[in-house]
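Please open the structure in your viewer and keep the selection tool at hand, since this tour moves from one selection to the next and says what is found at each stop.

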Amino acid sequence: MSKVIKKGDFIKFLGTAGARFVMIKQLRASGGLWISYKGTNVLVDPGPGSIVRCAASKPKLDPSKLDGIILTHRHLDHSGDINVMIEAMTEGGFKKRGVVFCPADAVNEESIILKHAVNFPEKIEILAANKAHQVGDFEFMTSMRHIHPVETYGIKFNLHKTSVSLLTDTKYFPELKDFYKTDILIISVVFFQARLGIDHLCFSDAESLVKEIKPKKAILTHFGMTMLTAKPHIQTQELSQRLGIEVQAAYDGMTLEIPS
Ligand SMILES: [Zn+2]
Ligand SMILES: [Zn+2]
């Protein structure tokens with residue numbers, strides 16, 4: 001496998017699919033986010049096809065160079081490739097290395113990490129609300145528990161002087177704006193219009209959050225079918241104009257370079 005040849009610090013969107021149907025049809029990829037910071041490589045939410053997206057990435061991303069894998073929650077669109085990624089990070093299990101971070105319910109009872117792979121990483125660290133974690137030079141904080149059918153936490157971290165947060169799947173609740181105050185705010189927006197009884201954010205929830213948090217830049221991702229139909233790049237353009245804040249729609253393969 002080729003090496004990670006990309007230099008500098010960056011966040012790369014290996015996928016921007018949200019929820020079942022966009023994932024199943026692969027209308028958008030579901031590879032998660034790759035973060036590279038001071039030589040530490042972390043993969044967040046490796047959904048189905050994550051390993052394929054790494055190999056197809058330009059330049060290629062080498063999962064055997066991963067130091068950590070973070071799962072915000074156990075849903076398949078966030079964890080489908082967790083086992084293959086653990087194998088990749090540990091060179092097929094021959095090299096005990098790396099840390100896997102996940103909520104307790106991802107590994108208790110019906111574990112999404114297969115028995116044979118549990119001991120491949122150096123450790124599995126259980127996520128809880130409002131806790132600090134570290135792997136290599138990458139440090140992050142977990143959010144409060146989200147309102148979602150399974151145990152779910154978003155994360156917040158600093159890359160040099162830039163603070164970044166990843167607001168993953170949740171139903172809207174007002175306290176979100178307190179935790180997610182960062183320079184760059186990445187939000188999972190599954191629905192275009194609010195859908196009662198389903199614990200996901202819709203576009204107007206995202207608008208309220210961006211308005212309240214006032215990040216330097218907001219990035220919408222994790223699109224469901226109705227968001228794709230509404231054309232995220234058009235919606236975000238209009239939202240930017242309405243709010244006077246830069247709002248961007250993520251696309252597969254999009255890279256954010258982080259200045260040092
Ligand atoms: Zn999801
Ligand atoms: Zn979910």
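Rings of Phe, Tyr and Trp (its six-membered ring) are taken as a pair if their centres lie within 6.5 Å, and planes under 30 degrees apart count as stacked, over 60 as edge-to-face and the rest as tilted. Please keep in mind throughout that this is a predicted model. A search of the whole structure finds five aromatic pairs, and the tour begins with two of them.

Select F101 and F140, whose ring centres are 5.0 Å apart and whose planes stand at 85°, so the pair is edge-to-face. The two residues come from distant parts of the chain, with F101 in strand β5 (residues 99-103) and F140 in strand β8 (residues 138-145), 39 residues apart. F101 counts as buried at 0% relative accessibility, and F140 is buried as well, with a relative accessible area of 3%.

Now add F138 and F157, an aromatic pair that is tilted, with 5.0 Å from centre to centre and 55° between the planes. This pair also links distant parts of the chain, F138 being in strand β8 and F157 in strand β9, 19 residues apart. F138 is buried at 0% relative accessibility, and F157 is buried with a relative accessible area of 5%. With these four residues selected, you have one aromatic cluster on display, formed by F101, F138, F140 and F157.

Next, select K156 together with F179, where K156 lies over the face of the F179 ring, at 4.2 Å from the ring centre.

Turn now to the metal ions, and select the zinc ion (ligand 2) first. Which residues are its protein donors? They are H73 (NE2), H75 (ND1), H148 (NE2) and D169 (OD), lying 2.2 to 2.4 Å from the ion. Along the sequence these donor residues follow the spacing H-x1-H-x72-H-x20-D, and the angles among the four donor atoms run from 89 to 167°, the site being irregular. Colouring by accessibility sets two of the donors apart, since H73 is buried with a relative accessible area of 0%, whereas H75 counts as partly exposed at 24%.

From D169 you can step across to the zinc ion (ligand 1), because D169 bridges the two zinc ions, which lie 3.5 Å apart. The zinc ion (ligand 1) is coordinated by D77 (OD), H78 (NE2), D169 (OD) and H222 (NE2), at 2.1 to 2.3 Å. The angles subtended by these four donor atoms are 86 to 157°, which makes the arrangement irregular. Along the chain, the donors of the zinc ion (ligand 1) are spaced D-H-x90-D-x52-H. Among them, H78 in helix α3 (residues 76-79) and H222 in the loop between β12 and α8 link distant parts of the chain, being 144 residues apart, and both are buried.

Stay with H222 to look at the backbone. Most residues other than glycine have a negative phi, and most peptide bonds are trans. H222 has a positive phi of about 60° although it is not a glycine, and its relative accessible area is 8%.

Select H160 next, in the loop between β9 (153-159) and β10 (162-167). H160 likewise has a positive phi, of about 55°, without being a glycine, but H160 counts as partly exposed at 25% relative accessibility.

For the last stop, select K58 and P59, which are joined by a cis peptide bond with omega at about -10°. P59 lies in the loop between α2 (50-56) and β4 (68-70).

Notes: Residues numbered from 1 in each chain as written. Chains lettered and ligands numbered in written order. Predicted model: local features only at pLDDT ≥ 70, side-chain atom pairs only at ≥ 80, totals over all residues. Heavy atoms only, no water. Helix = DSSP H or I, 4+ residues; strand = E, 2+ residues; numbered from the N terminus. Buried < 20%, exposed > 50% of the residue type's maximum accessible area, 1.4 Å probe, protein only. Donors = N, O, S within 2.8 Å, 3.2 Å for Na, K, Ca; no water. Tetrahedral: all angles 85-135°; square planar, octahedral: opposite > 155°, others 65-115°. Lys NZ or Arg CZ within 6 Å of the ring centre and 35° of its normal.
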